[in-house]
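Let's take a walk through the helix packing and the buried interior of this protein. Have the structure open as you read, and follow the residues along.

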Amino acid sequence: MTSTGFADSHAQTITIATVNNGDMIRMQGYTDQFTEETGISVEWVTLEENVLRQRVTTDITTNGGQFDIMTIGMYETPIWGAAGWLVPLDGLSEEYNVDDILPAMRGGLSHDGTLYAAPFYGESSMIMYRTDLMEAAGLEMPDAPTWEFIREAAAAMTDRDNDVNGICLRGKAGWGEGGALITAMSNSFGARWFDMDWNAQFDTQPWRDTLTFFNDMMQESGPAGFATNGFNENLSMFQQGLCGMWIDATVAASFVTNEDSTVADSVGFALAPDNGLGRRSNWLWAWALAIPAGTQQQDAAMQFIEWATGTGYIDMVAENEGWANVPPGARISLYENPNYQEVPFAQMTLDSILSADPNNSTVEPTPYVGVQFAAIPEFAGIATEVSQEFSAYYAGQQSVDEALENAQAITNEAMEAAGYR
């Protein structure tokens, strides 16, 4: 722990905005231990993913000062760090060991070599599937499958009479919800958001192929109402045995194999699919803790970040809940730990993280970096609107041509207004 300001930190309260994902909710359950150790109380504002993004973005851009720590990710961190909106995390203690953070995570949460957010967990995406249903369908999941295989397997595993959907995927609007999945998927189909002159690319065949394939597969083998399902909805369905396959965040692996899952004993893992074009459809992300520059509680916030994202927290969760339930994907030492190496999804998670390349995520060249997003300030607003058009197509409210035409117009108009074109 850093000792700076510790003497006067008693009776302090810090306010943290976070997402309503399982690992974050688990962290809240241990907060009393942090308070006992430091005397610093914690108030949580726990929000659904799309709402969290809106709230923290509004607060940081208006210097609202509502939060002392924000849960943000690889998209926001470098942009906000460059703008001077975040406190640099260069005061972390030697014991914290910044060098132990996986390079992919450290790089994605830095600007000009300075770390601006500490990863609570890191993730890519991968396939989680029912081994029993796959076997019953007479199929065997490859370690690195194609989208055609996934569609074939989804159809074979679908059992409408017993409410089993062959595949569950995000269709929910939101740049980081359904937008993240379809963008990562589009990379494997040869699509990209922009050409080298920042022209939108939704009027191209690869985007049409991506959307059509996704929607056709989900209509054949997905759940009713998939257009409004995000991470949490699909997790709940998979845990209840209602999904044959789910392609989503690697962090979900512990939740589909724990005591809340009715199918825990029959879950397998594989890399996210590709189309033979040299790009897989897995993303790269970290949910990370950052300190907004407007906080009056910087020292206390720094202490919390050290506590929640350090190795001591991982050991505490392992001791209480088992190694499978520790926050994954952030630290090198975790993957070197023999106890963690025995966790069935540990290696596939690491392989997925290491195979995602934000500097080279598309088949054709692009002027942006990022796998499931383009790392420019305007992206969140544009992609939120574009994802709404896509969800309207999935829900049968418009055709694929209308969705893509609208996406093209929205994106080009916004980029022109922002001075890119």
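## Helix packing and the core

Helix α9 passes helix α17 in a right-handed crossing. This is a predicted model, so please read every value below as computed from it. On the α9 side, the contact is made by W207, L211, T212, F214, N215 and Q219, while α17 brings F390, Y393 and Y394. By class, the residues of this contact divide into six nonpolar, three polar and no charged. The two axes come within 10 Å and cross at roughly 45 degrees, and α9 and α17 are therefore oblique to each other.

Helix α9 (residues 205-221) has another partner to look at, helix α8 (residues 178-188). Here α8 passes α9 in a right-handed crossing. From α8 come L181, I182, T183, M185 and S186, and they meet W207, T210, L211, F213 and F214 of α9. Seven nonpolar, three polar and no charged residues make up this contact of α8 with α9. The axes cross at roughly 120 degrees, and α8 and α9 are therefore oblique to each other.

Elsewhere in the chain, helix α2 (residues 31-38) packs with helix α12 (residues 298-309). Their crossing, with α2 passing α12, is right-handed. T31, F34, E37 and T38 of α2 contact A300, Q303, F304 and W307 of α12. This contact has four nonpolar, three polar and one charged residues. The angle of about 125 degrees makes α2 oblique to α12.

Here are the three pairs side by side:

| Helix pair | Axis distance | Crossing angle |
|---|---|---|
| α9 and α17 | within 10 Å | roughly 45 degrees |
| α8 and α9 | within 9 Å | roughly 120 degrees |
| α2 and α12 | 11 Å | about 125 degrees |

Now for the interior. Which residues touch the most other members of the largest nonpolar core? In this core of 146 residues, they are I150, W193, M245, F304 and F390. Helix α17 (residues 379-394) gives the most to the core, with eight residues. F304 also belongs to the α12 side of the contact with α2.

F390 is a good place to pause, as F390 is part of the α17 contact with α9. Not counting residues up to four places away in sequence, F390 touches I182, F202, W207, L211, A403, L404 and A407. Of these neighbours, I182 is among the α8 residues that contact α9, and W207 and L211 are among the α9 residues there.

T210 lies in helix α9. Is T210 buried or exposed? At 0% relative accessibility, T210 counts as buried, because the cut-off for buried is under 20%. Apart from residues up to four places away in sequence, T210 touches I182, M185, S186, F189 and A191. Among them, I182, M185 and S186 take part in the α8 contact with α9.

Finally, turn to G166, which sits in strand β8 (residues 165-168). With 0% relative accessibility, G166 also counts as buried. Leaving aside neighbours within four places in sequence, G166 is in contact with A154, M157, T158, S221, G244 and M245. One of these, M245, appeared above among the core residues that touch the most other members. G39 is another matter: G166 and G39 are 127 residues apart in sequence and 50 Å apart in space, C-alpha to C-alpha.

How values were computed: Residues are numbered from 1 along each chain as its sequence is written. This is a predicted model: local features need pLDDT of at least 70, side-chain atom pairs count only at pLDDT 80 or more; totals for chains, interfaces and linings use all residues. Side-chain values use heavy atoms; hydrogens and water are left out. A nonpolar core is a set of buried Ala, Val, Leu, Ile, Met, Phe, Trp, Tyr and Cys residues joined through side-chain atoms within 4.5 Å. Buried means under 20% relative accessible area, exposed over 50%, partly exposed in between (1.4 Å probe, protein chains only). Helices (H or I, at least four residues) and strands (E, at least two) are DSSP runs, numbered from the N terminus. Contact means heavy atoms within 4.5 Å. Axes are lines fitted to C-alpha atoms, for helices over the stretch in contact, and angles run from 0 to 180 degrees between N-to-C directions. Angles under 35 degrees count as roughly parallel, over 145 as roughly antiparallel, 65 to 115 as roughly perpendicular and the rest as oblique. A crossing is left-handed if the near helix is turned anticlockwise from the far one by less than a right angle, and right-handed if clockwise. Ala, Val, Leu, Ile, Met, Phe, Trp, Tyr, Cys and Pro count as nonpolar, Asp, Glu, Lys and Arg as charged, and the others, Gly among them, as polar.
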